[in-house]
Amino acid sequence: MLAIGLMSGTSLDGIDAALIDTDGETRVRPLAFRGEAYTDAARETLMEATRVALTYDRPRLGRPIAEAADLVVRTHAMAVLKLMREAGVKPGDVSVVGFHGQTVAHRPDRGWTWQIGDGAALAAACGITTVSDFRSADVAAGGQGAPLLPVYHAALTAGLERPVAVLNLGGVANVTLIDADGALTAFDTGPANGLIDNWVEETSGARFDAGGALAGAGRVDQAVLTAMLDHPFFDAPPPKSLDRSDFTVQPVRGLDTADGAATLTAFTAQSVALALQQLPRRPGRLIVAGGGRHNPVMLRMIAEATGITPEPADALGWNGDAMEAEGFAYMAVRTLQNLPISFPGTTGVPAPTIGGVVHRV
């Protein structure tokens, strides 16, 4: 069946929308993809909502949250309509939309995770059955609520020799090991681009370190790096997950822009290396998706830290920018078919769990 997936990550740079044909199990055929960038004003609205949400002890509506939630629905509906127009499909051709929403706070330690965006409103706006709120059922059952993409990584890697690992370098990094018997182990490894983006924006006004140019020109401060790696998260056994705000750029303040970027990039690489040591076995390949795969300095540092040469997902014929959106389309189909999307080895949930709330039109 045809399914559309929508993903707006913690980088707050925009919306990824993907159209795939899938049975929710072994068949996956990507058909179309588009990225829809947020305006500066939209990004500010979402940043303020995130700032406010992180001060709450539990999810509750306030004006900044409500304004951001309305914005999320409007912009995601626009992304769906544009994608369908470009792909030459109509709402009646699409079986389901997988709507991740925008994470404003992820607090599984407190028993909740919060993605804003009204699934029923999006379903009405697009005229397509929509699945939203993918993470809450997992958290309610005792899981971390993240990462959720491993079930899609397993489908994508079905034809590859295993064990193989998929590393997603978004705002936060996560790794999935698909073992020879198909067993999944997955968890967040630490910050990926999030801290680097924050640092570069704070010190230079740029949104990110394009091509790793700043990190490549800088020097890693080993004392700062060692201190940053002395964090209890890295010793905690998986499965485990993070909120983007769990780490800050405070340790690199006092460094110049390039040295800070180099140190934070090395921090991402070393945290990936520590994570691979926590996998049940060493993968033969490390396939990389997400924005970080465009940073050659980050990939070089990961190779040096792990002893494995990272392979950008695009080299396998995948769209490394589209994988998260495709994954939520895939999971939406699984939800309609009452198939689980999270597992003990991926989120720590006690049993395979069906996630998502269905909004029919």
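This is a short walk through one strand, one buried isoleucine and two helix pairs. Keep in mind that the model is predicted.

Let's start with strand β5, residues 112-116. How many of its residues are buried? The count is 5 of 5, so to speak a mostly covered strand. Look at the side chains next. Trp112, Trp114 and Ile116 point one way from β5. Thr113 and Gln115 point the other way. Both groups are buried.

Now the partner. Strand β4, residues 96-107, is joined to β5 by 5 bridges. The two strands run antiparallel. For a register mark, take Ala105, which stands opposite Trp114 in β5. The hairpin of β4 and β5 has 4 residues between the strands. Check the backbone at Gly111 there: phi is positive, near 85°.

From β5 we move to Ile65. This residue lies in helix α2, residues 63-87. Buried or exposed? Ile65 has 0% relative accessibility. The cut-off for buried is under 20%, so Ile65 counts as buried. What does Ile65 touch, leaving out residues up to four places away in sequence? The list is Ala49, Val52, Ala53, Tyr56, Arg60, Trp114 and Ile116. Two of those names we have met: Trp114 and Ile116 point one way from β5. For a distance check, Ile65 and Gly170 are 105 residues apart in sequence, and 23 Å apart in space, C-alpha to C-alpha.

On to the helix pairs. Helix α10 covers residues 257-278, and helix α11 covers residues 296-306. Their axes come within 8 Å and cross at roughly 40°. That angle makes α10 and α11 oblique to each other. The crossing of α10 past α11 is right-handed. Who makes the contact? On the α10 side, the residues include Ala262, Ala266, Ala269, Ala273 and Leu276. On the α11 side, they include Val297, Met298, Met301 and Ile302. By class, this contact has 11 nonpolar residues, 4 polar and no charged.

The second pair brings in helix α6, residues 194-204. The axes of α6 and α10 come within 9 Å and cross at roughly 175°. Angles over 145 degrees count as roughly antiparallel, so that is the label for α6 and α10. From α6, the contact uses Leu195, Ile196, Trp199 and Thr203. From α10, the residues include Thr257, Gly260, Leu264 and Phe267. By class, the contact of α6 with α10 has 6 nonpolar, 5 polar and no charged residues.

Note on methods
Residues are numbered from 1 along each chain as its sequence is written. This is a predicted model: local features need pLDDT of at least 70, side-chain atom pairs count only at pLDDT 80 or more; totals for chains, interfaces and linings use all residues. Side-chain values use heavy atoms; hydrogens and water are left out. Buried means under 20% relative accessible area, exposed over 50%, partly exposed in between (1.4 Å probe, protein chains only). Two strands pair if DSSP finds at least two bridges between them. Contact means heavy atoms within 4.5 Å. Axes are lines fitted to C-alpha atoms, for helices over the stretch in contact, and angles run from 0 to 180 degrees between N-to-C directions. Angles under 35 degrees count as roughly parallel, over 145 as roughly antiparallel, 65 to 115 as roughly perpendicular and the rest as oblique. A crossing is left-handed if the near helix is turned anticlockwise from the far one by less than a right angle, and right-handed if clockwise. Ala, Val, Leu, Ile, Met, Phe, Trp, Tyr, Cys and Pro count as nonpolar, Asp, Glu, Lys and Arg as charged, and the others, Gly among them, as polar.
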